[in-house]
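Trainee: I've got a model on my screen and want to find my way around. Could you walk me through it, starting with the ligand?

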Amino acid sequence: MPALATAVVALAPRAPRGARPPRTTKTITSRDGVRCEVSQLAEPPARLRFSMDADAARAVIEPAFDEDSRQRCMSGDFTPALSAEDIAAARAMSPGQTEFALTYGELTYEGCTRLGEILAMGPDDVFYDLGSGLGRATIQAHLQWGVKRAVGVELSAERSAQARRAVERLEQNGQLDHSRRLDLVCANLLDGGYQEATAVYLCCCCWDSTFVAQALEVLEKRAVNLRQIVTIEPLDRKFGLRPAWLTLKLETRVGQTWAPEGYPCYVYEVTR
Ligand SMILES: C[S@@+](CC[C@H](N)C(=O)[O-])C[C@H]1O[C@@H](n2cnc3c(N)ncnc32)[C@H](O)[C@@H]1O
């Protein structure tokens, strides 16, 4: 990945490090009717904290994608079908997973904008999208959230190649910020280092409990600077996982291509 220059995003000032944001306690009810009390940060203000809104992000990023991998909001695996070779190579790289784990869907531009607001992302943050697909959220984190480093890790070589083609086009158009890093890696997410990561997104709706437990174990051991993990399924109710080092901070919804109006999203604070 070449070094990237020219700032395209001017960020709103963020709260000084160490300042404790206000918390509230509220009762949340999951889709399956389970109620529980959570202490959560007050929802970020509705006002956009980034200088670029979702439409502006879409206008910059979307033309960089191949015609057949343009974002479409619908259910199911709507991206170009992976070849049998790519599926076999992906499964060889992560033998514990089934083909179902390769199912596709992604954050909408609005959903990703909201996610950046919820996580209060800014220039001190290193964001990892683990299972980054075509890389839209990683690219948006770079361009819109203005994070120090955005990294996407994707198992499918074909999706990774499409993501890298989009980044190359953005680079050719001078639309990337060379003062910050943007990396799209083809790898099994269990093999990463994550020392720098401050926030990690796990789009884990098609992964099984064993794999999610392994991913959390990797993050607990290696992501020493991690402050927040976002999942789109509740770790306890969906996977039976209650990691002692994570505290549910917020349950909210962000737009996904299969649910543009909002799909649940769980923000866990690292409390070790
Ligand atoms: C539902 S998509 C999420 C896309 C992306 N996070 C977004 O929101 O724009 C999940 C992705 O995880 C990838 N994946 C599954 N298992 C993986 C693994 N072990 N390592 C890296 N990526 C994986 C799949 O190939 C798929 O592209």
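Mentor: Sure, let's begin with the classes around the ligand: the shell has nine nonpolar, eight polar and five charged residues. Here Ala, Val, Leu, Ile, Met, Phe, Trp, Tyr, Cys and Pro count as nonpolar, Asp, Glu, Lys and Arg as charged, and the others, Gly among them, as polar. Bear in mind that this is a predicted model, where local features need pLDDT of at least 70 and side-chain atom pairs count only at pLDDT 80 or more, while totals for chains, interfaces and linings use all residues. Residues are numbered from 1 along each chain as its sequence is written.

Trainee: How many residues surround the ligand?

Mentor: A residue is near a molecule if its C-beta atom, placed from the backbone, lies within 6 Å of it. The closest ones are E106, G131, G133, L155 and L189, and the residues surrounding the ligand come to 22.

Trainee: Which elements give two or more residues to that shell?

Mentor: Helices (H or I, at least four residues) and strands (E, at least two) are DSSP runs, numbered from the N terminus. One helix and one strand fit your question: α4 (136-145) and β4 (149-154).

Trainee: Why is α4 largely enclosed by the rest of the structure?

Mentor: Call a residue buried if 20 or more other C-beta atoms lie within 10 Å of its own, exposed if 12 or fewer, and partly exposed in between, with C-beta atoms placed from the backbone. R136, H142 and W145 are among the buried residues of α4. The helix is largely enclosed because its buried residues number 10 of the 10.

Trainee: What is the order of the strands in the open sheet?

Mentor: Two strands pair if DSSP finds at least two bridges between them. The sheet has seven strands with mixed pairing, and its edge strands, β5 (181-186) and β8 (246-256), each pair on one side only. Reading across, the order is β5-β4-β3-β6-β7-β9-β8.

Trainee: At about what angle does α4 run to β4?

Mentor: Axes are lines fitted to C-alpha atoms, for helices over the stretch in contact (C-beta atoms, placed from the backbone, within 7 Å), and angles run from 0 to 180 degrees between N-to-C directions. α4 lies across β3, β4, β5 and β6 (199-202), and its angle to β4 is about 175°.

Trainee: Which strand gives the most to the largest nonpolar core?

Mentor: Such a core is a set of buried Ala, Val, Leu, Ile, Met, Phe, Trp, Tyr and Cys residues joined through C-beta atoms within 7 Å. Of its 59 residues, F127, V200, L202 and V230 touch the most other members. The top contribution is six residues, from strand β9.

Terms used: Contact = placed C-beta atoms within 7 Å.
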